Amino acid sequence: MRAILVGLGAAGFGWYKRLRDQGLLAAVVEVDPAMKEKMNDDPFPFYASLEEALLNEQVDFLVNVTSPMIHTRVNNAAFDRKLAVLCEKPISFDFEESIEIVSRAAREHIPFMIAENYRRLPFIRKMKQLLDNGAIGSISTLDVQFHRFHQVERKYTVSVLDDIGVHHFDMLRYFSGREGVSVQARLYNPIGGWKEEGAVLNTYALLELEGGLIATYNASIAARGTETSWWGNWRIEGTEGALELTNKEIRIIKDGKSTIVDDLSGIDETDTLAEFIASLQQGREAETSGMDYLKTQALVHYAKLSSETGTTTAIKVPTI
């Protein structure tokens, strides 16, 4: 299989090395010609025009690592040629636009996956395995704490939910196996947080999932205290114990005993690219397909609406 990579920025270069090293890269598209220096003397065609690359290259899929504002144009250009797409999150910052893109992919039977990578980390897969095997009985509550100081230059206005929180909301769905029902959220900037027009640095949310399961979420990208890992610190209470994740350490608390889980065997440890390739070869929907990702983006979308209205807001995922 061969791919066109669109975008050679910081994230795009990581994808470049991955595709190159696995013999999947056919060509690169990047509007900034200075970025070509990253490729050194690698012999791959470099295009400043996506349309030109699509016209000249015979490929099986496209990897979209452009700025979020460009995602829709790139995705539609690939869909016009019936090319499968692996796209970095978000599909679009606009929920309705995301629905339109996913609807088109489904309507035209074009494979479309979002690179939702946190749930593919080995210790996260192990957590899921333990939960599914009843290590702490049935889940009672979930609590997520995420705190970092993450002020970096972007081409768009920063939002803790759009940038990082969407990963954590996806993990809530993944761990629990349940979808969102309602959300009460407050998006705000802390006193002393950096000034950036439109930026949202902190979020507190209480989510109700199917079956009356409650999850709490507290996040900041302007925190000056001890930082959590990027995937956050997790406490999942169950009817027979609790499961905690701090950094990469999994701990089971049960019957008054605390046990560290360091055996990560027996899990399906693959990254997003391997999952995407496998889904294409097997003719199945990818685990984090666009269709699935909409259910995660819905949590983000309605959390924002809840904060704007000051009310508990029902979560509605469109039927496609």
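# Two sheets and their helices

Student: Where do I start? In which sense do strand β8 and β15 pair?
Tutor: Strand β8 (residues 180-188) pairs with β15 in the antiparallel sense, over 2 bridges. Within that pair, V183 is opposite T313 of β15. Two strands count as paired if DSSP finds at least two bridges between them. The names come from DSSP runs numbered from the N terminus: helices are H or I runs of at least four residues, strands are E runs of at least two.

Student: What should I know about the model itself?
Tutor: It is a predicted model, in which local features need pLDDT of at least 70 and side-chain atom pairs count only at pLDDT 80 or more, while totals for chains, interfaces and linings use all residues. Residues are numbered from 1 along each chain as its sequence is written, and side-chain values use heavy atoms, leaving out hydrogens and water.

Student: Okay, what's the strand order in the open sheet of 9 strands?
Tutor: The order is β14-β13-β12-β11-β7-β10-β9-β8-β15, and the pairing is mixed. The edges are β14 (257-261) and β15 (313-314); each has a single partner strand, so one side of each lacks a neighbour in the sheet.

Student: Which strands does α6 touch on that sheet?
Tutor: Helix α6 packs on β7 (139-147), β8, β9 (202-209), β10 (213-220) and β11 (233-238), and its direction makes about 25° with that of β9. Helix α8 (residues 290-309) packs on the sheet too, touching β8, β9 and β15, with its direction at about 55° to that of β8. Contact here means heavy atoms within 4.5 Å. Axes are lines fitted to C-alpha atoms (for helices, over the stretch in contact), and angles run from 0 to 180 degrees between N-to-C directions.

Student: How many bridges join strand β13 to β14?
Tutor: Strand β13 (residues 249-254) pairs with β14 over 5 bridges, in the antiparallel sense. I252 stands opposite T259 of β14. Their hairpin has 2 residues between the strands, and D255 there takes a positive phi near 55°.

Student: Switching sheets: how are the 6 strands of the other open sheet ordered?
Tutor: They run β3-β2-β1-β4-β5-β6, with parallel pairing. At the edges are β3 (46-47) and β6 (112-114), each with a single partner strand, so one side of each has no neighbour in the sheet. Strand β5 (residues 84-87) pairs with β6 in the parallel sense over 3 bridges, and C87 has I114 as its bridge partner in β6.

Student: What does helix α7 lie across?
Tutor: Helix α7 (residues 272-282) lies across β4 (61-64), β5 and β6, and runs at about 165° to β5.

Student: Now helix against helix. At what angle do α3 and α4 cross?
Tutor: The axes of α3 (residues 71-80) and α4 (residues 95-107) cross at roughly 10° and come within 11 Å. The two are therefore roughly parallel to each other, a label for angles under 35 degrees (over 145 is roughly antiparallel, 65 to 115 roughly perpendicular, the rest oblique).

Student: Which residues meet there?
Tutor: From α3, T72, N75, N76, F79 and D80 meet E97, I101, R104 and A105 of α4. By class that is 3 nonpolar, 3 polar and 3 charged. Ala, Val, Leu, Ile, Met, Phe, Trp, Tyr, Cys and Pro count as nonpolar, Asp, Glu, Lys and Arg as charged, and the others, Gly among them, as polar.

Student: And what are the classes where α5 meets α6?
Tutor: In α5, I124, R125, M127, K128 and L131 meet M171, Y174 and F175 of α6. That contact has 6 nonpolar, no polar and 2 charged residues. The axes of α5 (residues 122-132) and α6 (residues 160-176) come within 9 Å and cross at roughly 35°.

Student: What does K128 form a salt bridge with?
Tutor: K128 pairs with D132, their closest N and O atoms being 3.4 Å apart. A salt bridge is a side-chain nitrogen of Lys or Arg within 4 Å of a carboxyl oxygen of Asp or Glu. K128 and D132 are 4 residues apart in helix α5, so about one helical turn separates them. The whole structure has 23 salt bridges.

Student: Last one: is the bond from K89 to P90 cis or trans?
Tutor: That peptide bond is cis, with omega near -5°. P90 sits in the loop between β5 and α4. In the loop between α4 and β6 you'll find H109, a residue other than glycine with a positive phi, near 55°.
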